[in-house]
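Here is a short briefing on one protein chain. Please read it beside the sequence and the model.

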Amino acid sequence: MSSSGKKSGRERGEEWWQTGIIEMSPGVIRLRGYEIQDLIGRVSFPAMIWLMLRGELPSEDQAALLGIALGAAVDHGPQAPSIAIARMAATCGVGINSAMASAINVLGDVHGGAGEQALSFYGDIAVSIDGGTVLDEAVSVRLDRFFAEEKGYVPGLGHRFHPIDPRAPRLLELTRAFAARGVVNGRFADIAGAVEAEVARRKGRKIPLNIDGATAVIYGELGFPPPLTRGLFVLSRSVGILAHAWEQSQQGERNKGPLPREWLWAYTGTPLRPFPGENETGD
């Protein structure tokens, strides 16, 4: 600090961009206090994600469970808007980064946000349980509020394409296996199972857990807050987006739209009409 007590321009600049994530100087890179060369070759990509987001290294089991969730949601085919957009963008001659950005930009509340919504839903139930309410009652009260005040589907349940989402049972099975070993405590798996059972009781039919509900269980078990689960989904789905953008770019086709060119959209506007003044005779 200068003798006058005012901060120098350099000090102000350093303060302006202060971060607890990375430290750097010529020849030095430290992430959360760890030398990058000490991390390389010793820390997996899921563990690096954990370190960057949480500030500490996970255990091997925690990193493994995070990797399982990330790996389960990488792709769902061109019927998913993000994948379709990546492929269409690639045919327009943009670079692979632009194709990926175009796809990632549509991962919002409707497509990509259900995991965050599911974990928030489970979290409300967990708070009630922590306050002394038993699991089944906490689930019932939260569902009462959902059906009275909110619209749409219970987050984390049902799928528009799969009668049973093949990813969800396996993810729950693995979560319970990790819980049995003490890696996580299993409470979010129990909450999700109770939500699924209570909705089935009310609806008269089972609406199975989907990928968003199952990954929300894992992220909740691992202690990630709901808003971060959307970012984690983006990281996961980016793998499929990259693969599809690359595949499409190698096929050499251009301007491939959402439908084969012989299939056109349904027009619902004004029928054919003459331009004003046409076919009119003058005096």
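The points below run from overall shape to cores, salt bridges, surface and loops.

This is a predicted model. The chain has 12 helices and three strands. Its radius of gyration is 25 Å, well over the 19 Å that the globule rule gives for 283 residues, so the chain is more spread out than a compact globule.

**Overall shape and surface**

- Along the principal axes, the C-alpha atoms fill a box of roughly 90 × 65 × 45 Å.
- The accessible surface of the chain is about 17,400 Å². Carbon and sulfur atoms account for 56% of that surface.
- Of the 283 residues, 37% are buried.
- Take the contacts between residues at least 6 apart in sequence: 69% of them join residues at least 24 apart.

**Nonpolar cores**

- The largest nonpolar core holds 46 residues. Within this core, Tyr122 and Val195 touch the most other members.
- Helices that each supply at least two residues of this core are H3 (45–54), H4 (60–72), H7 (114–130), H8 (135–149), H9 (167–180), H10 (187–203), H11 (211–221) and H12 (226–250).
- Helix H10 gives the most to this core, with seven residues.
- Another core lies apart from this one and has 10 residues. Its members include Ile83, Ala99, Ala103 and Ile241.
- What does Tyr122 touch, not counting residues up to four places away in sequence? The partners are Gly156, Phe188, Ile191, Ala192, Leu209, Gly213, Ala216 and Val217.

**Salt bridges across the sequence**

- The structure holds 20 salt bridges.
- Arg87 and Glu247 meet through their side chains in one salt bridge, at 2.7 Å from N to O. Arg87 is in helix H5 (residues 81–91) and Glu247 is in helix H12, so this pair ties together parts 160 residues apart in sequence.
- The two partners are not equally covered, because Arg87 is buried at 11% relative accessible area, while Glu247 is partly exposed at 40%.
- Asp109 forms a salt bridge with Arg230, and their closest N and O atoms are 2.7 Å apart. Arg230 lies in helix H12 and Asp109 in the loop between helix H6 (96–104) and H7, so the pair ties together parts 121 residues apart in sequence.
- Asp109 counts as exposed, because its relative accessibility is 51% and the cut-off for exposed is over 50%.

**Other salt bridges**

- Asp38 and Arg42 form a salt bridge, with 3.8 Å between the closest N and O atoms.
- Is Arg42 buried or exposed? Arg42 counts as exposed, at 65% relative accessibility. Asp38 counts as partly exposed, at 39%.
- A network of salt bridges links Asp124, Arg142, Arg145 and Glu150.

**Nonpolar surface patch**

- Ile21, Ile22, Met24 and Ile29 make a nonpolar surface patch of about 350 Å².
- Where is Ile21 placed? Ile21 is in the loop between helix H1 (9–16) and strand S1 (22–25).
- The relative accessible area of Ile21 is 32%, which makes this residue partly exposed. Patch residues need over 30% relative accessible area, so Ile21 passes that cut-off at 32%.

**Loop residues**

- Arg32 has a phi near 55 degrees, a positive value in a residue other than glycine. Most residues other than glycine have a negative phi.
- Arg32 sits in the loop between strand S2 (28–31) and strand S3 (34–35). At 25% relative accessibility, Arg32 counts as partly exposed.
- Val134 is in the loop between H7 and H8. Val134 is exposed, with a relative accessible area of 53%.
- Val134 and Glu196 are 62 residues apart along the chain, and their C-alpha atoms are separated by 16 Å.

Key:
Residues numbered from 1 in each chain as written. Predicted model: local features only at pLDDT ≥ 70, side-chain atom pairs only at ≥ 80, totals over all residues. Heavy atoms only, no water. Patch = residues over 30% accessible without salt bridge, like charges linked within 9 Å, V, L, I, M, F, W, Y side chains within 5 Å. Areas by Shrake-Rupley, 256 points an atom, 1.4 Å probe, with all protein chains shown as cover. Salt bridge = Lys/Arg side-chain N within 4 Å of Asp/Glu carboxyl O. Helix = DSSP H or I, 4+ residues; strand = E, 2+ residues; numbered from the N terminus. Buried < 20%, exposed > 50% of the residue type's maximum accessible area, 1.4 Å probe, protein only. Core = buried A, V, L, I, M, F, W, Y, C linked by side-chain atoms within 4.5 Å. Contact = heavy atoms within 4.5 Å. Rg over C-alpha atoms; globule rule 2.2 N^0.38 Å.
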